[in-house]
Amino acid sequence: MIQRILATLILGASLLFPQGLFSQGVDFNTQQIETVKIADNLHVLMGGPAQGNVLVSTGPDGIFLVDSMYAPMHQKIVDAIRKLSSAPIRYVVNTHMHGDHTAGNEAMAKLGAVVLSQDNMRKRMAEAKGAIPGNLPAATYGTSMTLHFNGDEILIFHPDPAHTDGDSIIYFKKANVMHVGDVPASLRYPNIGVDDGGSVDGMIAAGNQVMKVANATTKIIPGHLGPVIGFNEIKQQLEMFAAIRARVVTAIREGKTLEQVVAAKITKDFDPDRLGGAITPDRFVTLVYTDLWRRLR
Ligand SMILES: [Zn+2]
Ligand SMILES: [Zn+2]
């Protein structure tokens, strides 16, 4: 019982403080970084299912990072990077505002990194409850920008509002490696930032957009798990989204409450492949219902 109350409190707190003051009960002391080589001079740092995957580019120009995980992971990230390179950390690009991807920004900026993001991301982070000024990006862009770094052409672009309304997708053209943040990718139940400008239909649109910019041999790095997925996983996620969206729309039209829809376990047929992430089936259904109910009522 006490555990249940605690879990509810922690979930509530993580919703109130999306920038990671509370971090879904993650025990940071036991979280270790796993380094996975993706291509020459490109590695993914993984810190467990609740942490955003960090992509590291090393080379003659220095170090370029995608995302910074939760703040307590900072020293572990730096230790892992130093096993790859002693060069200065020059840039951190955030895929979106959530704490599992941005709460380490301040510590990276203190090491001299310039933190970059899409315009809306910075705006929402600055306005959020419990905002930490040091985590705010120093530079922002609107639609897209390109960095010429470590011999690659790195395209950073903003898909239509999906997971949030300030998402960025980062594409290393020469290496053919793409970091897609938390748009639908690896097989887990994705979080939808329904209070951060994200939406179910946007998630589906962004998944399709990723498959237009990437190609069948692109190594796609999801925000969580993976660390590499392909078109198959994205297609399976888009099918799941379409099916659950239709079921929730039907339930809303029939006048079902959120509690009734959650209790009906409408994701059951998709659950076996998707229980490895931090978002439970009930939480996922809650997010889908919340977004669609707001749009349909
Ligand atoms: Zn995430
Ligand atoms: Zn997220």
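## Zinc site and strand residue V44

In sequence, the residues that donate to the zinc ion (ligand 1) follow the spacing D-H-x80-D-x41-H. The pair H101 and H224 links distant parts of the chain, 123 residues apart, with H101 in helix α3 (residues 99–102) and H224 in the loop between β12 (219–221) and α7 (231–253); helices (H or I, at least four residues) and strands (E, at least two) are DSSP runs numbered from the N terminus. This is a predicted model, in which local features need pLDDT of at least 70 and side-chain atom pairs count only at pLDDT 80 or more. Residues are numbered from 1 along each chain as its sequence is written, and side-chain values use heavy atoms, without hydrogens and water.

Coordination of the zinc ion (ligand 1) spans 2.1 to 2.2 Å, where donors are N, O and S atoms within 2.8 Å of the metal (3.2 Å for Na, K and Ca).

| Donor residue | Donor atom |
|---|---|
| D100 | OD |
| H101 | NE2 |
| D182 | OD |
| H224 | NE2 |

Because the 4 donor atoms subtend angles of 87 to 158 degrees, the arrangement is irregular, a label for anything that is neither tetrahedral (four donors, all angles between 85 and 135 degrees) nor square planar (four) or octahedral (six), which require opposite donors over 155 degrees apart and all others between 65 and 115. D182 coordinates both this ion and the zinc ion (ligand 2), and the two ions lie 3.4 Å apart.

H101 and H224 are both buried, that is, under 20% relative accessible area (1.4 Å probe, protein chains only). V44, placed in strand β2 (residues 42–46), also counts as buried, because its relative accessibility is 0%.

Note on methods. Chains are lettered from A and ligands numbered from 1 in the order in which they are written. Buried means under 20% relative accessible area, exposed over 50%, partly exposed in between (1.4 Å probe, protein chains only).
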